[in-house]
Amino acid sequence: MSTATQVEQLRARARHVRSVSSAISSSRALTVYSLAGPETWVGPTAQACFDALIAVRRQLQTQQQSLGDTARRLDRQADELEQSRFRTMAS
Amino acid sequence: MALLAFDPARLDSLRLALAAALDDLRRVRSDDATTVATMQAVRSATRSLGDFWLPRVSDVLNSKAMTGDDGPFWQITRDPGGMGSTASSSPMYGPNLPGSRSFGEVLEGIASGELQPMAAPLDANGRAGAHYTSISFAPGAQRELGYTDLTSDAAKFADFMSDGLPVGWRENEQLRIIYLKDARAISSVHVLSAYDRDAGPETLTEQTTEATVSGYLVIRQESGTAQVNIQIGPGEQDPTASFSIISESTSGYSGVFYPDNPPDFEPASREPRFENPAEWTFTTSASPMVDGWGTWQV
């Protein structure tokens with residue numbers, strides 16, 4: 001596989017990872033907890049639901065951050081490959 | 001038994017939001033090797049919302065509430081137990097939950113000072129030309145918590161004895177507690193002067209303020225009827241069978257409102273709009289200023 005193809009694949013993967021991150025950040029799963037508070041219901045199940053939705057939010061936000069890091073890493077790899085390709089072409 | 005208190009309208013919003021969140025999560029797809037952990041988290045969240053919480057919320061909404069299905073108020077049901085929840089016997093809903101108090105709990109809250117009344121209307125103290133205020137309540141949704149009969153034994157005896165007597169007097173006194181949700185409270189300013197009792201006093205409309213309030217309206221209602229009766233038919237008859245030829249009724253009420261939160265009165269809007277009519281109007285004068293008005297006291 002040529003270096004150019006590898007670069008293009010890395011950039012495509014970075015774009016895909018960013019789109020997944022974007023889908024998570026716009027997901028209503030991040031905000032649904034706000035409707036599960038004590039103004040809606042109160043009791044053991046209500047508290048457990050609120051806690052679970054907060055946990056889901058935290059988990060998804062962690063993944064969202066991780067995806068951002070992954071996308072940047074893929075882009076950086078693509079940049080490095082591209083630079084090495086340019087260097088090879090120049091020499 | 002663990003209990004669960006819920007607002008049906010809000011819980012239904014939560015149900016719809018859970019379904020929407022689930023829909024969003026199901027759209028997140030990736031088979032990239034770098035997203036394995038993310039997709040595991042998404043699947044876990046999808047299971048939590050779809051397999052557990054959405055059915056659980058639907059179950060609560062469909063449960064037979066102990067407080068009956070009487071409108072957009074808090075309802076109580078048996079707690080089905082939740083993921084990670086402990087079915088402890090600790091109180092499930094606090095005393096400050098809006099509209100959750102019973103008739104007795106409201107009276108206890110008033111007696112202990114836990115429930116604070118709304119500021120009383122201003123009194124003109126009988127000075128001609130002085131300003132005084134009235135407070136009207138136009139309820140949106142309301143729920144009667146209960147009532148108790150305050151009619152004195154003497155009045156009940158007089159009522160009983162009135163049956164079959166030529167002149168009778170019937171008196172009834174009740175204490176009612178009503179929970180008003182998002183009612184419009186209107187504070188109107190008047191000038192103490194001569195006025196038509198039916199039409200009411202002149203109102204300084206530019207000084208009218210209003211607020212949206214929720215809370216407990218405690219009302220004491222009195223009614224009395226004086227009757228002049230004649231016996232039905234000649235000769236020996238059932239002494240209680242009589243026909244009223246003259247009947248004069250009087251009624252009145254007094255009350256105090258205990259808001260969930262201190263009301264924030266703002267200048268009333270002059271824009272034309274649909275409004276519920278005021279159902280109760282209070283002043284602090286010793287007797288109602290206008291027919292249909294009540295006194296601010298319990």
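**Which pattern does chain A follow, read along the sequence?** In this predicted model, chain A follows the pattern α-β-α, with 2 helices and 1 strand (DSSP runs numbered from the N terminus, helices being H or I of at least four residues and strands E of at least two). Residues are numbered from 1 along each chain as its sequence is written, while chains are lettered from A and ligands numbered from 1 in the order in which they are written. Local features need pLDDT of at least 70 and side-chain atom pairs count only at pLDDT 80 or more, whereas totals for chains, interfaces and linings use all residues.

**Close-up of the buried side of H1(B).** Among the buried residues of this helix (20 or more other C-beta atoms, placed from the backbone, within 10 Å of their own; 12 or fewer is exposed, and in between is partly exposed) are Leu11(B), Leu14(B) and Leu18(B). The buried residues cover an arc of only 160° around the axis, taken from the directions from the helix axis to the C-beta atoms, which puts them on the same side of H1(B). On the other side, Ala9(B), Arg26(B) and Arg27(B) are exposed.

**Close-up of the kink in H2(B).** A kink of about 35° lies at Trp53(B), shortly before the proline Pro55(B); the bend is the angle between axes fitted to the seven residues ending there and the seven starting there. Trp53(B) is also one of the buried residues of H2(B), which include Leu49(B) and Val57(B).
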